[in-house]
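User: I have a model open and want the reasoning behind its labels. Take me through it, one label at a time.

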Amino acid sequence: MDGAFNKVIASITLRAVFGRKRALLFAVPPLILILITVVLKAARPPGTPWPGRILGDFGFSVVLSLTALIIGTSVLGAEIDEGSIVHLLATPVRRSSVIVTKFVIGAVLTMAFVAVPELVAGLIATGGFTRLAVGLFVGALAGSVVYNAVFVMLSVLTTRAIAVGLLYVLIWEVVLGNFVSGARLLSVEQYALGVANSIAHYGALNAGLTLTTALIMGVIVTVVTLVFATRRLSEFSLKGDAV
Amino acid sequence: MSTVELRNVSRWYGNVVAVNDITMTIGPGVTGLLGPNGAGKSTVLHLIAGFLAPSRGEVTVGGAASWRNPGIYRTVGLVPERDSVYAFLTGEEFVRDTATLHQLADPAGAARRAIAIADMADAQGRRISTYSKGMRQRIKVAAALVHDPQVLLLDEPFNGMDPRQRLHMMDLLIKLGAEGRTILLSSHILEEVEQLADTIQVIVSGRLAASGDFRAIRRLMTSRPHVFLVRSSDDRRLGSALIGRPAVTGVELTGGGLQVRASDFGAFSRELAGLARDQDIRLRELLPEDESLESVFAYLVES
């Protein structure tokens, strides 16, 4: 109980997350990814670079980011919106423990709903455990971690975490991260692609960062956002009555 | 360990002042936090519970600042007004999980005890989503009591309760207060507060309008005449004798007796018996008519 990960909070979080209809959305983007992969595999001749475009660009910038957004805001944001978080916070449990537990649950769920489907899609696309399939899997694991830290922080910062997160994904990750070279240093998609490409060595992945840069920046962003989220949760306020 | 203190506490939101320079000390026993809607009651409770930062001043529980201090929850139990609990858990799971988060040695045993205190043993195996509003209130009370706190804060605890549940809750709070715990509850149901609170804190427009025993507060409000109902062997004769006394400002003969308005509570109380004896009138009943919490509250809000 004294560790950063709290089993009771984890259990409540999992039951809360899967008790909401929103949980059905977790599976939609990965299913679309696998479906597209199956269709392209059947339609395209081998040797063309479509796996990099679909599994890398589309998989990381759309499937990974959107699924992480839905999951990352579900693990904490929904409890804050409903007000049930008060019962958790009216105990001496450390606020860092709440944040770390929520983050771990979000990251693991995102890995299950995105990294595993990425691996499956990679296996289908390349016909086996190729460097590309493994690289995409590992890249998606890394992306799941960083994205969830960002979205858990957003949940504490604003009650409109999904809307703000969607704008962030569309404007920063999809547009600026891919087309403005300076923005890549602060793009989670680019961290994931950097990790994936260090294994896959696949030019069509559009990776703009080296493994070292991707790892260092990924760790910094994860730690900074989690520390900030903990600080904000420590200052969680209930609305009083104004005169 | 169980004293709650607010020292020159203000809380504002932009230009709107919700709580204005309040100083109060709340000790063991049951204290009622009263005020009209929007007066600042919930703000004060949230400040004490550590869920709101004071804009100015200091809020302490047992000598420790409540803001940004999760350690206070070892001695504080909170029953929030908002009806938002983990509805997918059973009542027993909710209270036991709360006990585990408090790092109690025997969470299951502590949960059993708290559920029994809140009279929820029969429904503890059901999901909270199936509970009535009153049952949700009681399971929240059980969760707030599970770590045996010295300070219990309750925001409108009687909301949604049926009369039997209200009586049970009142008995429980009186018992907890008698055990030396500090119980602070906000409520707009004055009847309940009157029956269970030892002292009241009245907040009007963000300011502390009155503090202490409400009967004593009423007696100090000398600008308002005190109203009594007197029944005697001859109300009409007693009325004409009373109207000649300087402490009496008005007399009305009603169907139920003699309604007397006195400007001086002490003088009237002293003179009435002597006057009745001199007039050979037998006093049968003397009831203060506006010493109820409701009339004290109404006076404070109007003034």
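User: Which residue follows helix 2 of chain B, and what is the sign of its phi?

Analyst: This is a predicted model. Helix 2 of chain B is followed by B:Gln103. The phi of B:Gln103 is positive, near 60°.

User: What makes helix 2 of chain B largely enclosed by the rest of the structure?

Analyst: The count of buried residues. A residue is buried if 20 or more other C-beta atoms lie within 10 Å of its own. Eleven of the eleven residues of helix 2, residues 91–101, meet that, so the helix is largely enclosed. B:Gly91, B:Phe94, B:Val95 and B:Leu101 are among them. The buried list also includes B:Glu92, B:Glu93, B:Arg96 and B:Asp97.

User: What do the buried residues of helix 2 of chain B pack against?

Analyst: Elements from both chains. In chain A they pack against helix 1 (7–19) and helix 5 (85–89). In chain B they pack against helix 3 (107–117) and helix 4 (133–145).

User: How many residues of chain A and of chain B are in contact?

Analyst: 27 residues of chain A are in contact with 35 residues of chain B. The cut-off is C-beta atoms within 7 Å. Helix 1 and helix 5 of chain A each give two or more residues to the chain A side. Helix 1 gives the most, with five. By type, that side divides into 13 nonpolar, eight polar and six charged residues.

User: Why is A:Tyr168 called partly exposed?

Analyst: Buried takes 20 or more neighbouring C-beta atoms within 10 Å, and exposed takes 12 or fewer. A:Tyr168 has 18, so it falls in between and is partly exposed. A:Tyr168 lies in helix 8 (residues 161–179) of chain A. Its C-alpha atom is separated by 9.8 Å from that of A:Ser65, 103 residues apart along the chain.

User: How do you know that the radius of gyration of chain A agrees with a compact globule?

Analyst: Set the value against the rule. For 243 residues, a compact globule would have a radius of gyration near 18 Å. Chain A has 18 Å, so the two agree. Along its principal axes, the C-alpha trace of chain A spans about 70 × 35 × 35 Å. Buried residues make up 52% of chain A. Its secondary structure comes to ten helices and zero strands.

User: Which residues touch the most other members of the largest nonpolar core?

Analyst: A:Ala192, B:Val95, B:Ile139, B:Ala142 and B:Leu153, in a core of 150 residues. Helix 7 (residues 131–157) of chain A supplies the largest share, 17 residues. There is also a second, separate core of twelve residues, which includes B:Phe228, B:Leu238, B:Val248 and B:Phe268.

User: What is B:Ile139 in contact with, leaving aside neighbours within four places in sequence?

Analyst: Its contacts include B:Gly91, B:Phe94 and B:Val95. B:Val85, B:Ala118, B:Met120, B:Ile128 and B:Tyr131 are also in contact with B:Ile139.

User: What makes the side chains of strand 11 of chain B alternate?

Analyst: In a regular strand the side chains alternate between the two faces of the sheet. Here B:His226, B:Phe228, B:Val230 and B:Ser232 point to one face and are buried. B:Val227, B:Leu229 and B:Arg231 point to the other and are not.

User: How do you know that strand 11 of chain B pairs with strand 13 and strand 14?

Analyst: Pairing needs at least two bridges. Strand 11 has five bridges to strand 13 (residues 257–262), antiparallel. Five bridges also join strand 11 to strand 14 (residues 283–288), again antiparallel. B:Phe228 has B:Val260 as its bridge partner in strand 13. B:Ser232 stands opposite B:Leu283 in strand 14.

User: Why are strand 2 and strand 5 of chain B called edge strands?

Analyst: Each pairs on one side only. They belong to an open, antiparallel sheet of four strands in the order 2-1-4-5. Strand 1 (residues 4–13) and strand 2 pair over seven bridges. In strand 2, B:Val16 is the bridge partner of B:Tyr13.

User: Where are the domains of chain B, and how far apart are their C-alpha centres?

Analyst: Domain 1 covers 4–213 and domain 2 covers 219–302. Their C-alpha centres lie 39 Å apart.

Technical notes:
Residues numbered from 1 in each chain as written. Chains lettered and ligands numbered in written order. Predicted model: local features only at pLDDT ≥ 70, side-chain atom pairs only at ≥ 80, totals over all residues. Contact = placed C-beta atoms within 7 Å. Domains from an automatic or database assignment. Nonpolar A, V, L, I, M, F, W, Y, C, P; charged D, E, K, R; others polar. Core = buried A, V, L, I, M, F, W, Y, C linked by C-beta atoms within 7 Å. Rg over C-alpha atoms; globule rule 2.2 N^0.38 Å.
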